[in-house]
Amino acid sequence: RFIAKPCAINLGIQDSGPHRAQPNAILEKVFTSITKSPDGKRLEGLSKQLDWDVRKIQRWFRHRRNQDKPTTLTKFCESMWRFTFYLSIFFYGIRFLWTAPWFWDTRQCWYNYPFQPLTSRLYYYYILELAFYWSLMFSQFTDIKRKDFLIMFVHHLATIGLITFSYMNNMVRVGTLVLCLHDASDFLLEAAKLANYAKYQRLCDAFFMLFGVVFIVTRLGIYPFWILNTTLFESWELIGPYPSWWLFNGLLITLQILHIIWSYLIIRTAYKALVRGKVSKDDRSDVESSSEEEDVTSNSTKGVFSTSSNGSNRINGHVASGQWTEE
């Protein structure tokens, strides 16, 4: 409210929403009580009832759905908050771990386990991360539903489970390594979103490409060969198969599977960016085209369609303008 919003306004981001749908009691009742995306049979029936063209009814429902979407200013403020948190917690983690012996030698994570002291800095690091991921867990149900909703839900569950489980079992040393590693790329993605909202396309592309490189290096390189190596093999060698060993490593491997899925999406987006000359859209996006885009393309055959998470066909947002959108 006091930092992000003034920054957005100075960058020329207007606090204006999409074109509002024309008031219509019949269509509004269908939208709120029956379906937000009517099929062909229902569209034909509404067309006869209202004496409207089917295309006009489709446009009304599209405008009505977009009417509930957050504005670019709202999304900019949200991304700036996440960028601030990810960047701050990452540098806090690096500063804390730089002097920690287990940062340089992962075998230190298991020496004298479980009788390892819990310092105040380590405690606050854990509590801050846990609180943030709980907030993400709750907010995903009110945010825009995206294609990776289920994957993100599993990710948040696994992350919260890992943080809580490792804290209860005093596996906080290896836990800090996992947390810091995951924070290394997240602030770059939020920076790319900020640049996209401000319409700095080249800066957005640069941040996204940098994010992709850091993500793949950390999640497909460092994570399995550094983190999983110590939790799977070094812990087994030093303290043996403790009772919770299977559950702990099962959660870590679940994260690795999610890393592979996201890496595929990032590589596909980067490939399209190279082919088209810029990042066109985030493959997770389920945003429908804005009202203005629909008005422009209503008489043409241009348009890129994709299947949304609920199975209905929608026009991806900002395809006509060629800009990348993440929400």
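**Exercise 1. Locate Pro 114 and describe the peptide bond that leads into it from Tyr 113.**

Solution. Pro 114 belongs to the loop that runs between helix 6 (101-104) and helix 7 (120-139). The structure is a predicted model, and every value used in these exercises is computed from it. Within that model, the peptide bond from Tyr 113 to Pro 114 is cis, its omega lying near 5°.

**Exercise 2. Two residues other than glycine, Asn 112 and Lys 199, are to be examined for the sign of phi, for their place in the chain and for their exposure.**

Solution. Begin with Asn 112, whose phi is positive, at about 60°, although Asn 112 is not a glycine. The loop between helix 6 and helix 7 contains Asn 112, and that loop is also where Pro 114 lies. With a relative accessibility of 62%, Asn 112 counts as exposed, because the threshold for that class is over 50%.

Continue with Lys 199, for which phi is near 65°, again a positive value in a residue other than glycine. Lys 199 is placed in the loop between helix 9 (172-197) and helix 10 (201-239), and a relative accessibility of 62% puts Lys 199 in the exposed class.

**Exercise 3. Determine how many salt bridges there are, and for each one state the N to O distance, the location of the partners and their burial.**

Solution. The general idea is that side chains of opposite charge can pair when their charged atoms come close. With a cut-off of 4 Å between the side-chain nitrogen and the carboxyl oxygen, the count comes to three salt bridges.

Step one concerns Arg 107 and Glu 237, whose closest N and O atoms are 3.3 Å apart. This pair links distant parts of the chain, since Arg 107 is in the loop between helix 6 and helix 7 while Glu 237 is in helix 10, with the two positions 130 residues apart. Arg 107 counts as partly exposed at 24% relative accessibility, whereas Glu 237 is exposed, with a relative accessible area of 55%.

Step two concerns Arg 219 and Asp 186, whose side chains meet in a salt bridge at 3.5 Å, N to O. Arg 219 lies in helix 10 and Asp 186 in helix 9, so this salt bridge ties together parts that are 33 residues apart in sequence. Arg 219 and Asp 186 are both buried.

Step three concerns Lys 193 and Glu 190, where the closest N and O atoms are 3.4 Å apart. Both residues lie in helix 9, at a spacing of three residues, which is about one turn of the helix. Lys 193 counts as buried at 2% relative accessibility, and Glu 190 counts as buried at 4%.

**Exercise 4. Describe the surroundings of Leu 179 in helix 9.**

Solution. Leu 179 lies in helix 9 and is buried, its relative accessible area being 7%. If neighbours within four places in sequence are set aside, Leu 179 is in contact with Tyr 125, Tyr 126, Glu 129 and Ile 163. A further spatial relation is given by the C-alpha atoms of Leu 179 and Phe 90, which are separated by 8.6 Å although the residues are 89 apart along the chain.

**Exercise 5. Characterise the packing of helix 3 (residues 40-50) against helix 4 (residues 54-67).**

Solution. Two packed helices are described by the angle between their axes and the distance between the axes. Here the angle is about 110° and the axes are 9 Å apart, which makes helix 3 roughly perpendicular to helix 4. On the side of helix 3 the residues that meet the partner are Leu 43, Glu 44, Leu 46 and Ser 47, and on the side of helix 4 they are Val 54, Ile 57, Gln 58 and Phe 61. Sorted by class, this contact has five nonpolar, two polar and one charged residues.

**Exercise 6. Explain why Cys 77 and Cys 7 are not bonded to each other.**

Solution. The structure holds zero disulfides. Cys 7 is in no disulfide, and the nearest cysteine sulfur to its own is that of Cys 77, 8.9 Å away. Because a disulfide requires the two sulfur atoms to be within 2.5 Å, the separation of 8.9 Å is too far for a bond. As to exposure, Cys 7 counts as partly exposed at 29% relative accessibility, and Cys 77 counts as partly exposed at 21%.

Methods: Residues numbered from 1 in each chain as written. Predicted model: local features only at pLDDT ≥ 70, side-chain atom pairs only at ≥ 80, totals over all residues. Heavy atoms only, no water. Buried < 20%, exposed > 50% of the residue type's maximum accessible area, 1.4 Å probe, protein only. Axes fitted to C-alpha atoms, helices over the stretch in contact; angles between N-to-C directions. Helix = DSSP H or I, 4+ residues; strand = E, 2+ residues; numbered from the N terminus. Parallel < 35°, antiparallel > 145°, perpendicular 65-115°, else oblique. Contact = heavy atoms within 4.5 Å. Nonpolar A, V, L, I, M, F, W, Y, C, P; charged D, E, K, R; others polar.
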